[in-house]
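Grab a pencil and work through a few exercises on the structure below. Each one comes with a step-by-step solution.

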Amino acid sequence: MKNKYTIDEAMILIDFLTDVLDKSHKKAKTLLTKGAIYVNGKNITKYNYPLLPGYTVEIKEFNKNDIDSRVDIIYEDKDIIVVNKPAFMLTIKAENEKEKTLYNIVSEYVKVKNKNARIFVIHRLDRETSGLIVFAKNETIKNMYQNNWSELAVYRGYVAVVEGKPEVKSKKIINYLIEKNNLKVYSTSPNLGKKAVTNYKTIKSNKKYSLLDINLETGRKNQIRVAMSDMNTPIVGDKKYGAKTDPVKRLCLHSHKLILINPINKNKMEFNTEMPEFIKKLI
């Protein structure tokens, strides 16, 4: 199928995509947002970019199956890329780990369109946790987010299935965390640990499990897992922190909602994923 075109008359880019190529407005915006449109060989994301006679427009749609079908690209612009991470995948290589990481796969993805492209880690999810994770596409944006993460990541939402039922329907949990030599995180006293703030509310419960909506005010390692364990309602499948059941052979924790402030223009950006199937099976 043809994907390179020569412009015959002056118009703006969005009109060419919708009127000449008969793309829906939604499809045209998606192509622009994901960086699939090139004018005279240059990647263009502005919908009102002016086209003149003789210009070439090329569509380079990325087929994620070419890299790894497990990785779902949620959003992309010139500064960030948002990915729905699968469970059992490391965000970035750990010591002595040789498995393929999300960082490797997303790096390959951006290099399809630009061999010199790079990505930078802003934050991480546990290997066992699935859901939304953000990479920067340049070092300036990485530093802006990392240095101001608590202010720019205004909402970090998770869904979790826990064993049993919390004593109270909703609560703000404040604990102080320390990591021991066995790489397990524990609650400790305020003078020894780092403060962690976890909010939850119970969405529904059955005889065995409860579905919780959780949001974080801090981003400590294993923070949610420790908080749930301390309430004697460990996350289903989390044997490391006391779970007795593992019906779906995975940790039942998923990052489903993320609201960020763009550090450049201060606009609010919201990203969501659907409720995972493994949760629907349990609740």
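**Before you start**

The structure holds 2 cavities of 30 Å³ or more. This is a predicted model, where local features need pLDDT of at least 70 and side-chain atom pairs count only at pLDDT 80 or more, while totals for chains, interfaces and linings use all residues. Residues are numbered from 1 along each chain as its sequence is written, and side-chain values use heavy atoms, with hydrogens and water left out.

**Exercise 1. Work out what lines the second largest cavity.**

Step 1: get the term straight. On a 1 Å grid over the protein atoms alone, a cavity is a set of points where a 1.4 Å probe fits but cannot get out; a pocket is an open set with protein on both sides within 12 Å along at least five of seven lines; lining residues have an atom within 4 Å of a point.

Step 2: size it up. The volume of the second largest cavity is about 30 Å³.

Step 3: list the lining. You'll find Asp77, Asp79, Ile80, Ile141, Tyr145, Asn262, Pro263 and Met269 there.

Step 4: sort by class. That gives 5 nonpolar, 1 polar and 2 charged residues.

**Exercise 2. Describe the largest pocket and its lining.**

Step 1: the volume of the largest pocket is about 1,100 Å³.

Step 2: 32 residues line the largest pocket, and Arg124, Leu125, Asp126, Lys221 and Asn222 lie nearest its centre.

Step 3: split the lining of the largest pocket by class, and you get 12 nonpolar, 9 polar and 11 charged residues.

**Exercise 3. Find where the buried residues of helix 2 sit around its axis.**

Step 1: pick them out. In helix 2 (residues 25–33), the buried residues (under 20% relative accessible area, with exposed over 50% and partly exposed in between, using a 1.4 Å probe and protein chains only) are Ala28, Leu31 and Leu32.

Step 2: check the directions. Because they cover an arc of only 100° around the axis, they are on the same side of helix 2.

Step 3: see what covers them. The cover includes helix 1 (13–20), strand 3 (37–39) and strand 6 (56–59).

Step 4: look at what comes next. Gly35 follows helix 2 and has a positive phi, near 75°.

**Exercise 4. Is Ser130 buried or exposed, and what does its side chain meet?**

Step 1: place it. Ser130 is in strand 10 (residues 130–136).

Step 2: Ser130 has a relative accessible area of 4%, so it counts as buried.

Step 3: the side chains of Ser130 and Arg250 are joined by a polar contact of 3.0 Å.

Key. Helix = DSSP H or I, 4+ residues; strand = E, 2+ residues; numbered from the N terminus. Polar contact = N/O pair within 3.5 Å; in protein donor to acceptor, adjacent residues only side chain to side chain. Arc of directions from axis to C-beta. Contact = heavy atoms within 4.5 Å. Points joined across faces, edges and corners; volume = space filled by probe spheres on them. Nonpolar A, V, L, I, M, F, W, Y, C, P; charged D, E, K, R; others polar.
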